[in-house]
Amino acid sequence: NTQVNLQGTPGFLLYQWTGPNNFLSPNVNTSFTATSLSEGGVYTLGVTDNNGCQGFTTTLVVLDPFPVAILLTDNNKNCVPFCSNFSLQTSANSASLVSSSWMINGSTFNGSTLNYCITHAGKYLVKASFVDANGCPNNSTYTITAYPVPSANFEYSPLNPVENTDDVLFDDVSKGDSLISWNWYFVNNNGYQSTSQNPTYLFTEAGTYPVALIIKNKWGCSDTVVKPIVVGEDYSFYVPNVFTPNFDGINDTFFPKGHGILKYNMAIFDRWGEKLFATSDFFSAWDGTYKGQECKDDVYVWKISVTLPNSKVKTYTGHVTLNR
């Protein structure tokens with residue numbers, strides 16, 4: 001691909017250039033672009049003067065082979081972010097390279113190798129320009145494909161599920177193109193799993209559980225999100241803080257309310273710690289008396305122990321005001 005200029009001595013009547021590949025030219029000066037190595041060799045110039053005398057001379061045109069190098073990379077397709085190492089490998093018949101430069105994403109780098117990190121999805125054209133020991137230049141290109149990484153996320157309802165009662169609906173709200181798989185992990189990695197995009201799950205015991213979602217797109221790029229799900233106990237328990245035992249039919253006795261309680265014990269104490277009332281019947285109430293006598297208006301202490309459906313025993317203490 002280099003222009004070769006052939007120049008004769010002016011002042012003769014006729015000129016005739018001959019050379020490889022049937023090259024002919026009747027001009028004193030001529031030129032051609034060498035497109036192959038076969039155009040190299042001996043070129044002869046014949047001249048004729050005004051007296052009809054002829055003379056000949058030759059010149060040797062040496063063509064160096066076009067430098068050929070293959071652009072190599074160790075990572076040509078991956079999910080962002082990733083880094084790739086680039087290098088050039090010359091062919092067996094090429095001269096060694098003496099310099100090289102790289103252009104990618106509008107930036108130029110010098111050196112025999114290149115390490116480049118890609119953080120955004122897309123196609124990147126890598127161009128390597130190089131010069132061999134004969135001073136011949138060439139270039140090689142390579143296209144890197146960087147795939148997008150999705151963003152995993154989910155929502156769930158109800159926000160405060162109750163053990164063994166509420167089916168929790170998990171709603172995939174992940175972002176990303178061409179999603180093809182959803183893998184859910186409930187309670188632990190060895191527990192129940194689902195590949196549905198929007199599964200449901202019933203937590204059988206109260207507690208805090210990590211729920212993980214792993215999503216993947218068609219290019220194999222994945223993302224993971226883990227959220228804690230707080231599951232409440234399957235019982236309710238409420239204790240009033242005042243009652244009025246004045247026989248008006250409204251709030252005359254003191255007792256808790258609730259459901260899901262297997263066993264129950266309640267005791268009432270005065271401010272000096274004397275037990276005034278005790279019962280293991282959840283529906284038995286204190287009427288504000290002790291040994292048949294009405295207790296005075298005051299603040300009393302209660303202590304309640306309950307056994308829950310999961311066999312856990314919880315003990316509560318508090319105060320109730322007696323106000324006739």
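Which residues lie nearest the centre of the largest pocket? In this predicted model, begin by selecting N1, T2, A34, D64 and F66, which are the residues nearest the centre of that pocket. Then extend the selection to the rest of the lining, which comprises 15 residues, and colour it by chemical character to see 9 nonpolar, 5 polar and 1 charged residue. If you display the space that these residues enclose, the volume to expect for the largest pocket is about 310 Å³.

Leave the pocket now and turn to the cysteines. A search of the whole structure finds 2 disulfides, and when the bonded cysteines are counted along the chain, their pattern is 1-4, 2-3.

Select C79 and C221 for the next stop, where the two sulfur atoms are 2.0 Å apart and form a disulfide. C79 belongs to strand 8 (residues 77–79), whereas C221 sits in the loop between strand 20 (207–217) and strand 21 (222–231), so that this pair links distant parts of the chain, 142 residues apart. Looking along the S-S bond of C79 and C221, you should find a torsion of about -95 degrees, and the disulfide is therefore left-handed. With a surface displayed, check how much of each partner can be reached: C79 has a relative accessibility of 18% and counts as buried, and C221, at 1%, counts as buried too.

Move next to C83 and C117, which form a disulfide with their sulfur atoms 1.9 Å apart. Show the strands around this bond, because C83 lies in strand 9 (residues 82–90) and C117 in strand 12 (residues 113–118), and the pair thus ties together parts that are 34 residues apart in sequence. The torsion about the S-S bond of C83 and C117 is about 100 degrees, so this disulfide is right-handed. Is C83 buried or partly exposed? Its relative accessible area is 37%, and C83 is therefore partly exposed, while C117, with a relative accessible area of 40%, is likewise partly exposed.

For the last stop, select two further cysteines, C136 and C295, and keep the surface switched on. C136 has a relative accessibility of 16%, which places this residue under the 20% cut-off, and so C136 counts as buried. C295, at 9% relative accessibility, also counts as buried.

To review the tour, show both bonds together: the disulfide of C79 and C221 is left-handed, whereas that of C83 and C117 is right-handed.

Methods. Residues are numbered from 1 along each chain as its sequence is written. This is a predicted model: local features need pLDDT of at least 70, side-chain atom pairs count only at pLDDT 80 or more; totals for chains, interfaces and linings use all residues. Side-chain values use heavy atoms; hydrogens and water are left out. A disulfide is a pair of cysteine sulfur atoms within 2.5 Å. Helices (H or I, at least four residues) and strands (E, at least two) are DSSP runs, numbered from the N terminus. Buried means under 20% relative accessible area, exposed over 50%, partly exposed in between (1.4 Å probe, protein chains only). On a 1 Å grid over the protein atoms alone, a cavity is a set of points where a 1.4 Å probe fits but cannot get out, and a pocket is an open set with protein on both sides within 12 Å along at least five of seven lines; lining residues have an atom within 4 Å of a point. Grid points are joined across faces, edges and corners, and a volume is the space filled by probe spheres set on the points. Ala, Val, Leu, Ile, Met, Phe, Trp, Tyr, Cys and Pro count as nonpolar, Asp, Glu, Lys and Arg as charged, and the others, Gly among them, as polar.
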